[in-house]
Structures are given as C-alpha cells and as structure tokens.
Amino acid sequence: MVRDRRATVQKVLLITLILNLFVMTLKAVVGWWSGSLSLQADALHSVTDGANNILGLIASRFSSPQPDRDHPYGHLKFEAVGALGIAAFLGIACFEILQSAIERILNEGEPVRISSSELWLLLIVLGVNIFVAFYERTVGQRVGSPILIADAKHTMSDVWVTITVLAGLVGIWQGNVLNLPQLQWLDVILAFPVALLVFKSGWSVLKENLPWLVDEMAIAPEAIYKLVMQVPGVINCHDIASRGVVGRQVFIEMHLIVDAIDVETAHKITEEVEAKLIEKFSPVRISIHIEPPDYQSDRISYEAKS
C-alpha cells in the first residue's frame with residue numbers, strides 16, 4: 001500500500017510559497033531601486049518559484065496514490081505532470097532573461113546604483129533561499145515526493161543565481177566607489193549565466209519525470225528474473241515488464257512457469273514470488289500469469305535488445 005503523503009507535501013509547499021513571495025518582493029524592490037538587470041531577472045526567476053508552489057499545491061491535491069474506478073493505477077502521475085509544469089516555467093524564465101540582456105546590450109540603459117544596505121538585504125534573500133531548498137529536498141526525499149524534489153532543485157538553482165547576481169552587484173558597488181564605470185557591464189554579462197543555470201535546472205526536472213509519464217522500464221527484466229528464479233517451484237519466467245519509479249511506485253507483470261499440477265500449489269509459489277518482489281521493490285503492484293510446467297519460453301523481456 002502506497003502511503004498518502006499529500007498533507008505533508010501541501011504543508012511544505014504552503015510554507016515555501018510564503019517564503020518565496022517574501023524573497024520575490026525583496027528582489028523586485030531592490031532591482032527596481034538599483035536598476036539592476038541581473039537582479040530583475042533573478043526576481044523573475046523567483047516569480048516562477050511562487051508559481052511552481054501554486055502549481056505543486058494543485059497537482060498534489062489530485063495526486064492520491066489510492067486507486068479508484070476511474071484511475072485503477074492511482075493518481076501519482078499528477079505529481080509528475082506538476083514537475084513538468086515547473087520545467088516549462090523555467091524555460092519561460094530563461095527566455096525572458098536572455099531577451100532582457102540582449103535588449104540592454106543593444107540599447108544601453110541607466111547605470112546600476114546599488115548601496116551596501118541593499119546588498120545586506122540580498123544576503124537575507126540568499127539565506128531564505130538556502131533554507132527553502134534544503135527544507136524541500138529533505139522532506140521530499142523522506143516522503144518520496146517528486147514535486148518537492150523538483151521544486152527543491154529549482155530553488156537551489158535560484159540560490160546559485162542569487163550568489164552570481166550578488167557577486168556582480170558587489171563588483172558594481174565597488175566600481176561606483178572607485179569610479180570605475182566599466183564594471184557596470186558585470187550586470188549584463190552575469191545575466192547570461194543566470195539564464196544557463198535556469199535552463200539546466202529545468203532540463204534536470206524534465207529528465208527525471210518524463211520516464212514516469214511515458215512508462216519507461218523501471219527495473220531491468222534480468223534483475224527481476226534473477227530474483228524470481230530463487231523461489232522454489234519456479235521453472236522459468238518470461239515476458240517481464242515494469243514501469244513506474246522505484247521507491248515511489250512500481251508496477252511489475254510477468255508470465256511464470258511453475259512446477260505445480262494443482263491451483264493451490266501454483267498459488268502458493270506465486271505468493272512467495274510476490275513477497276520477494278515486494279521486499280525488494282516496495283511499494284509495488286504485481287500481476288502474474290501462471291503457466292504449466294511443460295510451457296517453454298526463453299524470452300525474458302518483451303523485446304530483447306540487439
């Protein structure tokens with residue numbers, strides 16, 4: 001039985017939503033005061049943080065692991081859909097950052113004006129981002145929530161973005177003190193690595209959740225075969241298939257050839273096979289088709305790789 005973790009996920013998302021709104025407001029205000037393009041881009045990145053939390057709350061609301069009549073395999077894919085939504089938001093943020101940087105290069109704008117007090121505010125923002133990233137990742141790994149883990153990756157990318165932007169603004173602040181106007185270009189130059197970090201984060205989220213949605217193989221059939229063949233009474237197993245994500249939810253199906261001439265013995269062997277698979281890959285749902293001792297097949301998987 002898969003544990004329903006939605007209450008925990010929703011609590012974490014609500015807490016991080018409040019913190020992300022605080023972070024977004026501080027970045028936007030300081031970015032507007034100072035005229036910093038990189039900081040405004042970072043604030044845009046933080047807008048996606050809040051949007052991701054809202055998206056996660058919606059996805060989590062519908063992602064019950066318990067099956068029903070309309071969803072006999074449960075609803076956990078809603079979380080993967082939510083994670084893909086995060087990847088989409090990151091792609092939009094990346095495009096907006098690059099567009100703003102190119103516009104600044106083509107049309108030189110006002111110089112960046114940053115004070116030491118504004119830099120201290122950004123240090124507070126950085127501390128909040130670090131807390132949110134580690135908090136979400138810790139809880140996400142503990143309860144096995146892809147939406148929390150994906151959002152933690154996104155927030156961690158925000159941490160590196162803020163560090164990059166903060167370093168550039170410190171350089172600009174020092175340049176203003178020393179009357180070095182050429183350091184103003186740091187703001188535009190650093191907008192590009194910000195965009196790359198955002199893109200990398202979105203690509204990572206996409207790669208981790210797409211296999212769940214397209215029913216990619218979860219466990220190598222050879223590994224399942226080796227485990228099943230350890231059960232006494234099993235002659236062979238073939239046409240092994242699996243999908244899902246190990247540790248989150250896995251579905252396994254196979255054809256099992258057993259050394260039994262009656263239903264009761266065949267059923268007992270099947271239960272031992274299921275117990276072994278559950279012990280190894282839980283949570284897992286297993287479907288087994290029993291075949292008689294004289295049945296022959298050497299095809300472990302549905303299609304062997306050439």
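User: Before we look at anything, what do buried, exposed and partly exposed stand for here?

Analyst: Buried means under 20% relative accessible area, exposed means over 50%, and partly exposed is what falls in between. Keep in mind that this is a predicted model. Asp-215 makes a handy first case: its relative accessibility is 36%, so it counts as partly exposed.

User: And where does Asp-215 sit, and what is its phi?

Analyst: You'll find Asp-215 in the loop between H7 and helix H8 (221-228). Its phi is near 55°, a positive value in a residue other than glycine.

User: Which other residue has a positive phi although it is not a glycine?

Analyst: Asp-239, with a phi of about 50°. This one is found in strand S1, residues 234-245. Is it buried or exposed, you may ask? Asp-239 has a relative accessible area of 7%, so it is buried. For a glycine case, go to Gly-144, just after H4, where phi is positive at about 70°.

User: While we're at H4, how do I read its length?

Analyst: Compare the end-to-end span with what 1.5 Å a residue would give. H4 has 28 residues and reaches 41 Å from its first C-alpha to its last, close to the expected 40 Å.

User: Let's zoom out. How many helices and strands are there in the chain?

Analyst: Nine helices and three strands. Going along the sequence, the order is α-α-α-α-α-α-α-α-β-β-α-β. As for contacts, take those with a separation of 6 or more: residues 24 or more positions apart account for 75% of them.

User: How much of the chain is buried?

Analyst: Of its 306 residues, 45% count as buried. On the outside, the chain exposes about 15900 Å², and carbon and sulfur atoms supply 63% of that area.

User: Now the inside. How should I read a nonpolar core?

Analyst: Look for the members with the most partners in the core. The largest nonpolar core has 37 residues, and Ile-97, Leu-148, Leu-169 and Val-198 touch the most other members. Six helices each supply at least two of its residues: H1 (6-34), H2 (37-61), H3 (77-106), H4 (116-143), H5 (146-178) and H7 (191-213). H5 gives the most, with nine residues.

User: Which residues does Ile-97 touch?

Analyst: Leave out residues up to four places away in sequence, and Ile-97 touches Ala-41, Ala-191, Val-194, Ala-195 and Val-198. There is also another core, lying apart from the largest one; it has 22 residues, among them Ile-219, Val-228, Cys-237 and Ile-240.

User: What about nonpolar residues on the surface?

Analyst: First a general point. An α-helix has 3.6 residues a turn, so residues three or four places apart point the same way. Then look at the patch here: Ile-102, Ile-105, Leu-106, Trp-185 and Ile-189 form a nonpolar patch on the surface, with about 510 Å² of accessible area together.

User: Which helices supply at least two residues of the nonpolar patch?

Analyst: H3 and helix H6 (185-189). H3 gives the most, with three residues, while Ile-189 is found in H6.

User: One last backbone feature: how do I spot a cis peptide bond, and where is one here?

Analyst: Check omega. For the bond that joins Ser-282 and Pro-283, omega is about 0°, and the peptide bond is cis. Pro-283 is found in the loop between helix H9 (263-281) and strand S3 (284-291).

Conventions: Residues numbered from 1 in each chain as written. Predicted model: local features only at pLDDT ≥ 70, side-chain atom pairs only at ≥ 80, totals over all residues. Heavy atoms only, no water. Core = buried A, V, L, I, M, F, W, Y, C linked by side-chain atoms within 4.5 Å. Buried < 20%, exposed > 50% of the residue type's maximum accessible area, 1.4 Å probe, protein only. Helix = DSSP H or I, 4+ residues; strand = E, 2+ residues; numbered from the N terminus. Contact = heavy atoms within 4.5 Å. Areas by Shrake-Rupley, 256 points an atom, 1.4 Å probe, with all protein chains shown as cover. Patch = residues over 30% accessible without salt bridge, like charges linked within 9 Å, V, L, I, M, F, W, Y side chains within 5 Å. Salt bridge = Lys/Arg side-chain N within 4 Å of Asp/Glu carboxyl O. Expected span 1.5 Å × (residues − 1).
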